[in-house]
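Q: I have a new structure open and I'm not sure how to read it. Could you walk me through it, feature by feature?

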Amino acid sequence: MMSTMGRGGARMAVAALALRNFSSATSGGAGAVARQAASAGIASGGVQAPIAVGVWVRGMATATSGDRTFATMTLAEQEQQEEKKQPGGMNGDGNEDKEIVSYWDIPTRKIRKEDGTEWKWNSFMPWETYKADTSIDLKKHHKPSTMIDKIAYWTVKSLRWPTDLFFQQRRYGCRAMMLETVAAVPGMVGGMLLHCKSLRRFEHSGGWIRTLLEEAENERMHLMTFMEVAQPKWYERALVITVQGIFFNAYFLGYVISPKFAHRMVGYLEEEAIHSYTEFLKELDKGNIENVPAPAIAIDYWRLPADATLKDVVEVVRADEAHHRDVNHLASDIHYQGHELRDTPAPLGYH
């Protein structure tokens with residue numbers, strides 16, 4: 001009798017294991033058949049029935065879905081299969097636009113402009129756009145008085161000479177691109193260092209982290225705009241890699257040693273940018289550079305009219321540089337007066 005009970009218990013365990021392993025991988029009909037057959041096997045006392053049914057159900061699952069069923073695929077395989085079903089397209093940033101199926105289930109939504117049309121940019125949102133203040137004084141200049149000011153001033157002047165030599169053919173479109181690849185570095189470096197300082201000291205930044213990062217992003221948008229106007233040559237791309245690598249590390253070191261020097265140098269750098277864009281506008285007025293329609297990204301970012309031209313773009317970019325000039329000279333003045341940046345509210349949204 002003990003032997004009979006042992007065999008019965010073994011048969012029940014095998015049946016339960018077979019149902020758990022095989023019936024869940026199939027649809028409802030096959031699972032029901034498996035459960036009925038397994039129950040019959042247990043009632044009859046036969047040990048082979050559940051094993052045979054388990055193999056049969058597994059075979060049905062394989063025959064129904066091919067080599068592997070969707071339920072038994074890995075997450076990556078499921079995502080690849082779903083992505084193949086999505087229709088392709090192009091978004092406003094020039095990349096293929098497809099709906100992404102993700103395990104994380106982060107909702108995506110369609111953004112629309114004020115006129116109801118669909119927003120086509122992924123790199124910036126409608127609430128990040130603005131109308132540039134082109135009435136700003138472009139002739140303001142900080143006269144260097146201290147030794148640090150003079151070093152910062154002549155450092156920038158020395159950097160202008162090789163730039164003029166390289167772009168001696170008045171290729172202002174490519175010159176603007178090269179300028180922006182450098183101008184977008186200081187805000188990122190300064191914001192990063194202030195961010196780390198805030199973490200180390202457990203203190204607020206007064207909004208200066210965001211201000212400097214906004215400056216870096218604004219300069220990067222200048223670059224994205226001028227890329228639509230002029231495409232850099234291979235040697236110009238190589239030069240960007242070299243100059244950016246040197247300038248990033250040099251500015252990082254300079255900011256660590258003396259923030260007042262670093263911000264003053266950027267202030268003078270922005271003054272030179274204003275001069276360069278003024279010369280750009282002169283060439284446009286003379287007809288030496290074609291005044292082509294403004295890129296779509298510029299129209300949306302600066303809220304320009306639909307019929308805006310390259311001249312309108314250069315004017316708003318020059319206004320941006322004037323605002324960056326003011327912010328960095330202000331930051332240097334704060335340090336000169338013995339204060340920390342966090343002691344003075346940052347000029348957030350100063351465009």
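## Reading the helices and their neighbours

A: Sure, and let's begin with a helix pair: the axes of helix α7 (residues 208-226) and helix α11 (residues 310-336) come within 11 Å and cross at roughly 155°. That angle makes α7 roughly antiparallel to α11, and α7 passes α11 in a left-handed crossing. Keep in mind that this is a predicted model.

Q: What kinds of residues make up the contact of α7 with α11?
A: By class, they divide into 9 nonpolar, 6 polar and 4 charged. On the α7 side you'll find, among them, Trp-208, Thr-211, Glu-215 and His-222. They meet a set in α11 that includes Val-313, Val-317, His-324 and Ile-334.

Q: Why do the residue numbers in a helix contact often skip along by three or four?
A: An α-helix has 3.6 residues a turn, so residues three or four places apart point the same way. Look at Thr-211, Glu-215, Asn-218, His-222 and Thr-225 in α7, which are among the residues that meet α11.

Q: Let's step back. What elements does the protein have?
A: There are 11 helices and 0 strands. From the N terminus on, the elements run α-α-α-α-α-α-α-α-α-α-α.

Q: How much of the protein counts as buried?
A: Of its 351 residues, 38% do. Another overall number tells you about contacts along the chain: among contacts with a separation of 6 or more, 72% are between residues 24 or more positions apart.

Q: Back to pairs, then. How do you describe two packed helices?
A: You give the angle between their axes and the distance between the axes. Try it on α6 (172-201) and α7: their axes come within 8 Å and cross at roughly 160°. The two are therefore roughly antiparallel to each other, and their crossing is left-handed. The contact of α6 with α7 has 13 nonpolar, 7 polar and 4 charged residues.

Q: What lies between α6 and α7 in the chain?
A: A loop, and Phe-202 is in that loop. Its phi is near 55°, a positive value in a residue other than glycine.

Q: Is Phe-202 buried or exposed?
A: Phe-202 counts as exposed, because its relative accessibility is 78% and the cut-off for exposed is over 50%.

Q: Where else does a positive phi turn up?
A: Arg-303 is one case, with phi near 55°, and this residue is not glycine either. You'll find Arg-303 in the loop between α10 (296-301) and α11. With a relative accessible area of 39%, Arg-303 is partly exposed. There's also a glycine to look at: Gly-338, which follows α11, has a positive phi near 85°.

Q: How can I check the length of a helix such as α11?
A: Compare the expected span with the distance between the ends. At 1.5 Å a residue, the 27 residues of α11 should span 39 Å, and its end C-alpha atoms are 39 Å apart, which agrees. For helix α8 (residues 234-257), the 24 residues should span 34 Å, and the end C-alpha atoms are 35 Å apart, which agrees too.

Q: How many residues of α11 are buried?
A: 21 of its 27 are, so α11 is largely enclosed by the rest of the structure.

Q: Which residues of α8 are buried, and what covers them?
A: The buried ones are Glu-236, Val-240, Phe-247, Tyr-251, Gly-254 and Tyr-255. Their cover includes α5, α6, α7 and α9 (259-286).

Q: Can we zoom in on a single buried residue?
A: Take His-329, which lies in helix α11. Its relative accessible area is 8%, so His-329 is buried. Leaving aside neighbours within four places in sequence, His-329 is in contact with His-142, His-263, Arg-264, Gly-267, Tyr-268 and Glu-271. His-329 and Phe-261 are 68 residues apart in sequence, while their C-alpha atoms are 9.9 Å apart in space.

Q: Where is Ile-111 found?
A: Ile-111 sits in the loop between α4 (75-84) and α5 (147-166). At 14% relative accessibility, Ile-111 counts as buried, because the cut-off for buried is under 20%.

Q: What does Ile-111 touch, not counting residues up to four places away in sequence?
A: Its contacts are Thr-117, Glu-118, Trp-119, Met-125, Pro-126 and Trp-127. As for Trp-121, 10 residues from Ile-111 along the chain, the two C-alpha atoms are separated by 9.3 Å.

Technical notes: Residues are numbered from 1 along each chain as its sequence is written. This is a predicted model: local features need pLDDT of at least 70, side-chain atom pairs count only at pLDDT 80 or more; totals for chains, interfaces and linings use all residues. Side-chain values use heavy atoms; hydrogens and water are left out. Helices (H or I, at least four residues) and strands (E, at least two) are DSSP runs, numbered from the N terminus. Buried means under 20% relative accessible area, exposed over 50%, partly exposed in between (1.4 Å probe, protein chains only). Contact means heavy atoms within 4.5 Å. Axes are lines fitted to C-alpha atoms, for helices over the stretch in contact, and angles run from 0 to 180 degrees between N-to-C directions. Angles under 35 degrees count as roughly parallel, over 145 as roughly antiparallel, 65 to 115 as roughly perpendicular and the rest as oblique. A crossing is left-handed if the near helix is turned anticlockwise from the far one by less than a right angle, and right-handed if clockwise. Ala, Val, Leu, Ile, Met, Phe, Trp, Tyr, Cys and Pro count as nonpolar, Asp, Glu, Lys and Arg as charged, and the others, Gly among them, as polar. The expected span of a helix is 1.5 Å times one less than its number of residues.
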